[in-house]
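Here is a short tour of one protein model, moving from a sheet to the cores and then to one residue. Have the structure open as you read.

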Amino acid sequence: MKLKKAALAGLSLFLLLGISGCTKQNEEPVELTLMHGWGSTEDDHVAMRNIYMDYEKENPNVKLNLVSMPSGSELLRKVEDMLMVGDIPDLVFLGGTRNGMVYDFMVEKNLALNLMPYIEKDPELKKSLAPVNLNYWTTEKGEIYTISDVLHLSGGYWYNKEIFDQVGIRRIPETWEEFLDVCRKIKRWSDREGKRVKCLQMPSEAYLYLMGHMLASGQENTQEIMQNRSDSILPSLKKLDQPLMLLKDLYSFTIAENDYSYRDDTSSFNKGKSAMYINGSWAAPMISEKIDAGYALLPFKKGITLSCESACLGYVLGNTEDEKKREAAIDFVKYMLSKPVQERILRETEQMPANPEIDLGDYAEEMPRFYHAVEVVKEADCRIEVPDNLWPVHIQEIFTESIQEVLLGKKEETAFLRELSEAREK
C-alpha cells in the first residue's frame with residue numbers, strides 16, 4: 001500500500017514537472033516592433049538590418065518585427081500616421097534628418113519612455129552611453145528620451161588630393177577668404193586645362209553646415225564656442241547678411257543644379273567632377289577607392305579649428321503599459337550599444353560607435369580613410385553641434401527649402417531673412 005502511494009506521488013510530481021516544463025517552453029515570446037529608416041539596398045542599410053535581425057537569433061524569447069522604411073522622410077510619415085490614430089510604436093529609430101517634430105510630439109504627449117531610471121539602475125548600460133548623448137539629451141528635469149548607437153563627427157569636407165596637387169594647393173585653407181581663393185585656383189585650372197571640374201556640388205543640407213560655421217566664425221567670443229556653447233551661435237541669425245554674401249560667392253563655384261541629393265553629390269565627387277565634397281566622416285565608405293581623398297575642416301578663425309561632434313536623435317521607446325515590451329526594448333538598446341555590436345557597426349557601416357569603450361585606434365590600419373577623418377574632427381580646438389541639433393527643425397526646413405532659390409536669385413533675400421527671423425521668434 002505504501003509502495004502504491006509512493007508510486008502515485010512520484011507520478012503526480014512527474015506530471016507536474018512535465019506540465020510546468022511545457023508551459024515554459026510554450027510561453028509566447030515578447031513581440032517587439034522596431035521602425036527604422038535603414039530600408040534601402042545600400043550596403044550600410046543592409047548591414048544594419050542584419051544586425052537588427054541577429055538580435056532575435058540571440059534572444060529567442062523576443063520576436064522582433066522590423067518595419068523597414070527606405071528613407072527617413074518615409075519613416076516619419078509612417079510614425080506620424082500611427083500617432084494620429086493613437087498607436088504608440090514599441091521602438092523607433094529616428095536617426096536621420098529633421099525628425100525633431102515627431103520626437104518633440106512624443107515627449108510632450110508622454111508617448112516616449114523616460115530612460116533615465118533604467119540607465120541609473122544599470123551600470124552596464126550607463127557606461128556604454130556616449131557622454132555627449134547624456135549631456136545634450138538630458139532635460140532640465142533629469143529625463144532622457146533617446147539613445148544613439150553612433151556619433152556624428154563632421155564639420156568638414158573631403159577633397160581630391162590629385163586635383164589639389166595639380167592645381168598647386170599645398171595648404172588647407174584656414175579662413176573663408178583662403179577657401180574662396182582655393183576655389184578660384186581650381187576654376188582657373190579647370191578652365192585652362194579643359195577639365196570641366198567644379199569646386200563643389202552641394203545639396204541644400206550642406207549649406208546648413210556652411211552657415212553654422214560662418215555664424216560661428218563671426219562670433220567675437222570664441223571662448224563660448226570652445227566651451228561648446230552652441231546656443232551662442234543661433235541668436236546671430238539676424239546677422240545673416242554677410243554669410244549670405246559669402247554663400248553666393250561660393251555658389252558661383254558649384255555645380256549649379258536644383259533638386260539633387262547627397263547621393264548626387266557623392267557621385268559627382270567619385271567621378272572627379274567636383275574637387276571637394278562636404279560631408280562627415282561617415283561618408284568614407286561611399287567614396288570610390290579610385291579617389292585619393294583627404295579630409296579637412298571648414299574654415300573658422302586663423303589658427304583655430306572648429307568641428308562638429310554630436311549624438312543625434314537615436315532610438316525612442318514607446319511609453320506603453322506593457323512592462324515586458326518596455327524591458328525588451330531596453331534590452332534591444334543595450335544590445336545595440338554592446339561592444340560586439342558596436343564593433344560590427346564600425347566595421348560593416350563605418351559609423352563612429354557611441355560606446356566610449358571602443359578604441360578606434362585598433363582599426364586605423366583596417367579603415368585608414370575613416371580613421372583619418374575622425375582624427376581630424378576630434379583634434380579640432382573647439383566643437384559645435386551638427387545642424388540637426390544646432391538648428392531648430394522649423395528653421396532648418398525654411399532654410400533648406402529656400403536657400404537654393406535665394407542663391408539663384410529666384411527669391412528675395414529680404415523675404416528669406418524675414419521668414420527666418422519670424423521663425424526664430426517663435
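Let us begin with an open sheet of four strands, ordered β10-β4-β8-β11 with mixed pairing. Strands β10 and β11 each have a single partner strand and stand at the edges, so one side of each is left without a neighbour in the sheet. Strands pair if DSSP finds at least two bridges between them, and strands (E, at least two residues) and helices (H or I, at least four) are DSSP runs numbered from the N terminus. This is a predicted model: local features need pLDDT of at least 70, side-chain atom pairs count only at pLDDT 80 or more, and totals for chains, interfaces and linings use all residues. Residues are numbered from 1 along each chain as its sequence is written, and side-chain values use heavy atoms, leaving out hydrogens and water.

| Strand | Residues |
|---|---|
| β10 | 352-353 |
| β4 | 150-154 |
| β8 | 306-310 |
| β11 | 382-384 |

β4 and β10 pair in the antiparallel sense over two bridges, with V150 opposite P353 in β10. Helix α10 (residues 204-217) packs on the sheet, touching β4, β8 and β11.

Now for the cores. The largest nonpolar core (buried Ala, Val, Leu, Ile, Met, Phe, Trp, Tyr and Cys residues joined through side-chain atoms within 4.5 Å) has 79 residues. Its largest share, eight residues, comes from helix α14 (residues 323-337). Y52 is among those with the most contacts inside this core.

Finally, N133 lies in helix α7 (residues 131-137) and is buried (under 20% relative accessible area, 1.4 Å probe, protein chains only), at 2%.

Conventions. Buried < 20%, exposed > 50% of the residue type's maximum accessible area, 1.4 Å probe, protein only. Contact = heavy atoms within 4.5 Å. Axes fitted to C-alpha atoms, helices over the stretch in contact; angles between N-to-C directions.
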